[in-house]
Amino acid sequence: MIGKYFIKKMLTISFVSVFFIVTISPIIAMNNQYLETNEYNNSSYYQNYELPPPQDIDMPLEETIMRRMSVREFTEEPVSDEDLSTILWSAFGMRDDGELTVPKYENAQASVIYVLKEDAVYTYDPNEHALVFYKEGDYRDIVGWQHKAPIQLGLCWNTDIADHNIGSAELGAVGQNIYFSANAIGLGTVITAQTPNPAIEPVGLPENHQGMGVMPLGHPIHDYNFANKPMLISLLPRIKISDVSLTTVLKTRDQVTTWETDKITRADLSHLIWSSYGYSYYLDQSGSANVVKRHHTVPSAHGYYPFIIYSVTKTGISKYNYGLINVDLRGLPILSYLLPIAFGDKRIDIAQASEDFVSEAPLSIIIVLDIENTIKWDDLSAENQRWIWYYEAGASAHNVLLQATSRGLAGNIVHIQDKNSICELLKLDNEKFDPMFIVPVG
Ligand SMILES: Cc1cc2nc3c(=O)[nH]c(=O)nc-3n(C[C@H](O)[C@H](O)[C@H](O)COP(=O)(O)O)c2cc1C
């Protein structure tokens with residue numbers, strides 16, 4: 001009885017096994033093969049998207065700053081891999097000495113750039129100078145919520161490394177490098193930022209990546225066209241175009257904490273403070289819908305330009321007036337000068353509120369937000385929106401370091417620990433003003 005039952009059981013098991021081997025397993029194998037093939041295809045097609053070497057940009061730094069402007073209308077002409085490579089290297093590339101093309105704000109480097117192309121979303125890997133596949137699909141229109149372009153660059157930062165304000169400040173430097181290099185090679189861009197939900201969100205970011213802004217990139221519909229109309233009544237030495245190229249500056253910019261002398265020439269002071277926030281000598285005649293004709297050296301959310309810039313030298317503290325009024329009146333010449341607000345060497349007091357080495361710097365530029373100027377027609381004054389202004393302050397500080405490099409100088413970006421003391425020194429109400437960075441330089 002047991003024997004008969006055993007044989008019957010064995011026969012059933014054998015039958016099921018044979019059926020499985022003959023029918024089901026080839027199907028599974030085929031499926032696996034299909035999956036493997038797809039994975040293989042994905043990795044070979046997407047993950048090894050090596051960029052060609054970046055091109056050198058020969059245009060002098062000052063010329064790229066003079067030409068900085070926002071572009072919002074693009075042709076459908078694709079951006080070549082060569083151009084994309086140059087832009088990404090400038091934005092956040094790795095230099096031969098292992099440093100990145102943007103400075104450290106509070107010793108951190110947290111930027112992550114998402115590159116949205118027609119086929120897929122990638123992230124830029126500065127170590128390999130390559131695009132790393134992130135997600136298949138065309139997200140450019142979803143993310144390019146304002147301005148349609150062949151490439152959309154999602155500026156994000158890693159929240160494990162930096163907070164919202166410092167992450168945004170560093171992206172201010174990334175953004176400047178994108179503006180300068182894009183303009184120099186005939187492409188256009190604009191920083192756009194959406195609040196409270198970052199425009200890049202539909203892409204679906206990892207938990208520790210936070211979106212700050214999106215920069216469309218493409219060929220401008222309206223060609224760049226500038227007329228050189230310097231500010232006729234500037235009381236500061238004229239800005240001169242050097243022979244130091246943008247690429248050289250990006251490759252050699254340094255961050256230092258000591259200086260050989262405590263003197264600064266008026267010409268150096270004029271160039272450094274101009275680069276932080278001044279007006280261009282060029283008038284924009286591109287015919288774009290842009291109402292601004294004389295652009296500043298940095299962009300500003302809503303065109304508010306709410307910052308006040310101070311210079312500190314051993315002779316005293318001055319306020320920078322880049323124009324009599326802070327709106328561009330159809331590109332008219334403007335009066336730029338330094339207005340003394342305190343006499344005597346205050347550098348030790350400034351250092352006590354920030355870093356010791358600031359007391360040794362021949363010049364410190366202090367970037368201060370005038371909060372009341374962030375309200376105008378749309379209120380952007382809230383504490384939780386302060387990152388918007390950190391972007392601009394970061395861009396301004398970065399410009400100073402670039403300009404210093406082109407003049408054979410070097411500086412640093414210093415976080416302010418005691419904002420109240422800085423306000424007191426600058427004779428400002430600490431409820432209404434927010435000092436963001438000190439840039440010691442010399
Ligand atoms: C943080 C930030 C956010 C901005 N957001 C937008 C935006 O959402 N859309 C836009 O078209 N421009 C935006 N801009 C660009 C400004 O409108 C522009 O810089 C300003 O109008 C001055 O023009 P210009 O850059 O051509 O000199 C932004 C600029 C900054 C700094």
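Visitor: How many cavities of 30 Å³ or more turn up in a search of the whole structure?
Guide: Keep in mind that we're looking at a predicted model. With 30 Å³ as the lower limit, the search over the whole structure comes back with 1 cavity.

Visitor: What volume does the largest cavity have?
Guide: Its walls include Met231, Trp274, Tyr281 and Ser336, among others. The volume of the largest cavity comes to about 60 Å³.

Visitor: Which helix gives the most to the lining of the largest cavity?
Guide: By class, that lining has 8 nonpolar and 3 polar residues, with no charged ones. Among the lining residues are Ser270, Ile273 and Trp274. The top helix contributes 3 residues and spans residues 266-277, so to speak of it by name: helix α7.

Visitor: Tyr49 and Tyr122 form an aromatic pair, but how many residues apart are they?
Guide: The structure holds 15 aromatic pairs. In this one, the rings of Tyr49 and Tyr122 meet edge-to-face, 5.3 Å centre to centre with 70° between the planes. Tyr49 belongs to strand β1 and Tyr122 to strand β3, which puts them 73 residues apart.

Visitor: Is Tyr49 buried or exposed?
Guide: The cut-off for buried is under 20% relative accessible area. Tyr49 comes in at 17%, so the verdict is buried.

Visitor: Which ring does the charged end of Arg68 sit over?
Guide: Arg67 lies over the face of Tyr224, 5.5 Å from the ring centre. For Arg68, the charged end is 4.9 Å from the centre of its ring, and that ring belongs to Tyr179.

Technical notes:
Residues numbered from 1 in each chain as written. Predicted model: local features only at pLDDT ≥ 70, side-chain atom pairs only at ≥ 80, totals over all residues. Heavy atoms only, no water. 1 Å grid on protein atoms, 1.4 Å probe; cavity = no way out; pocket = protein on both sides within 12 Å on 5 of 7 lines; lining within 4 Å. Points joined across faces, edges and corners; volume = space filled by probe spheres on them. Helix = DSSP H or I, 4+ residues; strand = E, 2+ residues; numbered from the N terminus. Nonpolar A, V, L, I, M, F, W, Y, C, P; charged D, E, K, R; others polar. Phe/Tyr/Trp six-rings, centres within 6.5 Å; stacked < 30°, edge-to-face > 60°. Buried < 20%, exposed > 50% of the residue type's maximum accessible area, 1.4 Å probe, protein only. Lys NZ or Arg CZ within 6 Å of the ring centre and 35° of its normal.
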